[in-house]
Every structure is written in C-alpha cells, then in structure tokens.
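Subject: Structure handover

Hello,

Here is the structure I promised to pass on. Please open it first, then read my notes below.

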Amino acid sequence: MKIFTEYQLGTVPLKNRIVMAPMTRSRAINNIPSDLMAKYYSMRADAGLLITEATSISPNALGYARIPGIFSKEQISGWKKTVDAVHENDGKIFVQLFHTGRVAHKTNMPQDSRILAPSAIAAKGEMWTDAGGMQIQPVPEEMTLEDIDFAQNEFVEAAKNAMKAGFDGVEVHGANGYLLDQFINPGANQRKDLYGNSYQSRSRFTIETAEKVAAAIGSDKTGIRLSPYGVFNDMSIFDEMEEQFEYLAQELGNLNLSYVHIVDHSSMGAPEVTESVMSKIENAFGGTIIYSGGLSKEKAESILENNPLSLVAFGKVFLANADLVQRFQNNAELNEPNSDTFYTSGEEGYLDYPLLKETVN
Ligand SMILES: Cc1cc2nc3c(=O)[nH]c(=O)nc-3n(C[C@H](O)[C@H](O)[C@H](O)COP(=O)(O)O)c2cc1C
C-alpha cells in the first residue's frame, strides 16, 4: 500500500505518508512545553511526519489557556525535549506556528499583550478561560501597518526559535480563523489599504508572512495550512473564495513552500470542501499537498493512489491511538477518541489510551 511507502518532502525524508494532524491539547502549563508533551509526541514517532499543536509566536498570539509558545528561552528548551524524544524514536516533527489574533481573551494572556486583528470586528461567540470560565470574545484592535510588520517578524523569530529547538520544519497556520485566516476572510478583514479590499490584498499578509519565514529558515522547511470553506471561529463563506485560494496557492507555489496542508472539516459539520477548489489549489501550487479531515486508512489510500504528490493527515484517531501506524499495518481495531479530555490539563485522555500490545494480551 502507498500509505506505508517513503516520501521525500523537500529535503526531509519521511518513512511513510502518514502525518499526525496538528491538535491543540492544552497541556502546556504556563505556556511551556512539558515532559508529558515530549512523551505524547515521541509515542507517535512512527508517523512519517508529526505536526505539533498550534504554538504561539508571541505574547500577543497567546489567546487560549495552556497553549505552548515558542518565543521564550524556557519554551524553546521545553520544545527541545519533545524534538529530541521524537528524533530518538526516528521520527520527524514540524511545529505549527500561530497567532490567535482576535480569537483571544485578556484573561488568558500576559499583562502587557494586545488583542490584534485586521479590523476591529469581534469573532462571534465565547471562549474558555481558566480564570473565569466561558467569556465573550472581545473587539480586537485594528492593526496598523507597523503592527503588521511586527507580527510578521514575530513569525520569523518563532521560526528561527524552532530551528534552535531542532524542529525539522514549521507549518505556518493559515487556517481555522486565526490571524492569517482573519486577513484572508472578508468577514473579519474590512481594511481599505494594501491588506484588504480585494482578494489579492486580503492574501497579502499570508503570502508575505510565508515569504519571510521561508527566507529565514528555508522554503523546504516551511509548510502552510489553509482552510477553504472553513467556518470555525466565525469565518464566513464569501464570493470569489475559490479564486482567492487559487491565487494563494499560486503565490505560495512561487515561494516553493514545502507543502500546502488543506483542512476539510466537513466530517465535523463544516461545509464541504469542493473538488473544484481542491483541483484549483493542486494545480496552482504544483507541489506536495497534505489532505486531512475525516480520513480512514482506505480513504487515505485512495487519495494517495490518485495524487502522487500527496500525504495524508489523521487527527482524532491519532490522538486516541499512539500506535496508529502499527494498527493500520495490522488492520487492528482503533480506540475511540474521548472529547471530554481533548483540552483538559493532565495525563488522562493524553497518555493513557491503551496500546495494541496491551489490548491483545
Ligand atoms: C482536539 C483537537 C485539537 C485541534 N487543534 C488544532 C490545531 O491546533 N491546529 C490545527 O490546524 N487544527 C487543529 N485541529 C483540527 C485537526 O488538525 C484536524 O483538521 C481535524 O481534527 C479533522 O481531522 P480528523 O477527522 O482526522 O480528526 C484540532 C482538532 C482536534 C480534534
């Protein structure tokens, strides 16, 4: 089967085509990657590529409770333990870099941080804070051109820190309603300057950020995640969406990025990601695409059969089955993920899902 075959991702050799999708697990107390996290990732090092949970590039990017950062010395050395443990188990690992933008609450953030976004428009809905439970999401500050440049440089510094920690690469998080996606989407971006007003201008922040990160650490070490038809975090469906994602894919292809990783949350109730937008992205980008969302081994295999330049990512099944690769190889049953412990703080639902060797004995 193709899924178990090797793949050369730019300069990074992968032992199979199975990717662990990025998943926030909220175990980073004080935003510092912990020993528990090193164990969690290293247990999954049989994957061709692990992509970490979304990791904040700066204090302004720390909108949620207990998410890890990669901007302080402690955070870099915390991550180094994860990277070393994964490499000891012969795995490869990219860190997903994000800025939460308007998806944030001051209670979760350091004192002198700011909640920034392309326009002063709040995301509808509430978010969890450890200190005060569910809270309405605030109206963010509209970013100045200086703020834009500053945030892009925070991505660059975070990417350099990722190299210091030993990561094999970074995934710039352009999906799921966080800062890059807030610029992409006209529901959140109503700017009239160079960064808004047309789909080309709304794409500018993402393209420039990817370009600067790639210039700092190498395009072969820089991937990106995008979510056409995504509605998470109050993103809206809009006119010219397909044209915009085709344009983005073209520009990102010109930068020779390592891959484009496409989110498809239709299995979780989001709108379908159309075949038409997928083929536009594939053709315009011209390089490796990581497909994700609701995949079974069989669905993944058929994607790989039809697309030579592809990898397949698994989220919830990987969270619940550290030995997913071995289970696929043996056609073994899978543990069911328990959503009650997705974002809790301890080992429960994190390190205690049974392994195959424990269940067959
Ligand atoms: C607990 C949990 C946390 C997630 N956190 C992130 C994240 O940090 N970054 C991201 O890009 N996607 C995140 N996602 C989305 C997953 O990467 C993936 O797209 C989604 O789970 C669908 O894939 P699946 O059907 O294989 O689970 C998360 C999903 C879950 C279930």
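Start with Asn31, which sits in the loop between strand 3 and helix 1. One caution before going further: this is a predicted model.

Is Asn31 buried or exposed? Asn31 counts as buried, because 24 C-beta neighbours lie inside 10 Å and the cut-off is 20 or more. Leaving aside neighbours within four places in sequence, Asn31 is in contact with Ser56, Leu62, Ile67, Pro68, Gly69 and Gln75.

Now look across to Thr55. Asn31 and Thr55 are 24 residues apart in sequence, and their C-alpha atoms are 9.0 Å apart in space. Thr55 belongs to strand 4, residues 49-56. Thr55 is buried too, because it has 29 C-beta neighbours inside 10 Å. Its contacts, again without neighbours within four places in sequence, are Pro68, Gly69, Ile70, Val95, Gln96, Leu97 and Phe98. Pro68 and Gly69 thus appear in the list for Asn31 and in the list for Thr55.

Strand 5 and its partners

Several of the Thr55 contacts, including Val95 and Leu97, lead to strand 5, residues 93-98. How many of the six residues of strand 5 are buried? The count is six of six. Both faces are covered. Ile93, Val95 and Leu97 are buried on one side. Phe94, Gln96 and Phe98 are buried on the other. In a regular strand, side chains alternate between the two faces of the sheet.

Strand 5 has a parallel partner in strand 4, joined by five bridges. Within that pairing, Ile51 has Phe94 of strand 5 as its bridge partner. To get from strand 4 to strand 5, the chain passes through helix 2, and this β-α-β crossover is right-handed. Strand 5 also runs parallel to strand 10, with four bridges joining the two. There, Val95 stands opposite Val170 of strand 10.

Helix 1 belongs in this picture as well. Helix 1 covers residues 35-42, and Met37, Tyr40, Tyr41 and Ser42 are buried in it. What do the buried residues of helix 1 pack against? They pack against strand 4, helix 2 (73-88) and strand 5.

Strand 14 and its partners

Move on to strand 14, residues 310-314. Strand 14 is mostly covered, with four of its five residues buried. Strand 3 (residues 18-20) pairs with strand 14 in the parallel sense, over three bridges. Met20 has Phe314 of strand 14 as its bridge partner. Strand 13 (residues 288-292) also pairs with strand 14 in the parallel sense, over four bridges. Ile290 stands opposite Leu311 of strand 14. The path from strand 13 to strand 14 goes through helix 8, residues 297-306, and this β-α-β crossover is right-handed.

The ligand shell

Which residues come nearest to the ligand? Ala21, Thr24, Ala54, Gly315 and Lys316 do, out of 22 residues around it. By class, the shell divides into nine nonpolar, ten polar and three charged residues.

The nonpolar core

The largest nonpolar core holds 96 residues. Val19 and Val260 touch the most other members. Helix 3, residues 145-165, gives the most to this core, with seven residues. Val260 is worth selecting on screen. Leaving aside neighbours within four places in sequence, Val260 is in contact with Ile224, Leu226, Ala249, Leu252, Ile281, Phe285 and Ile289.

Two backbone notes

Asn176 has a phi near 60 degrees, a positive value in a residue other than glycine. Asn176 is in the loop between strand 10 (169-174) and helix 4 (179-184). Asn176 counts as buried, because 21 C-beta neighbours lie inside 10 Å.

Glu240 also has a positive phi, about 65 degrees, although it is not a glycine. Glu240 lies in the loop between strand 11 (222-226) and helix 6 (241-254). Why is Glu240 called partly exposed? Because 13 other C-beta atoms lie within 10 Å of Glu240, and partly exposed means a count between the limits of 12 or fewer for exposed and 20 or more for buried.

That is the handover.

Best wishes

Note on methods: Residues numbered from 1 in each chain as written. Predicted model: local features only at pLDDT ≥ 70, side-chain atom pairs only at ≥ 80, totals over all residues. Contact = placed C-beta atoms within 7 Å. Near = placed C-beta within 6 Å. Nonpolar A, V, L, I, M, F, W, Y, C, P; charged D, E, K, R; others polar. Pairing = 2+ DSSP bridges. Right-handed = clockwise from strand over helix to strand, strands pointing away. Core = buried A, V, L, I, M, F, W, Y, C linked by C-beta atoms within 7 Å.
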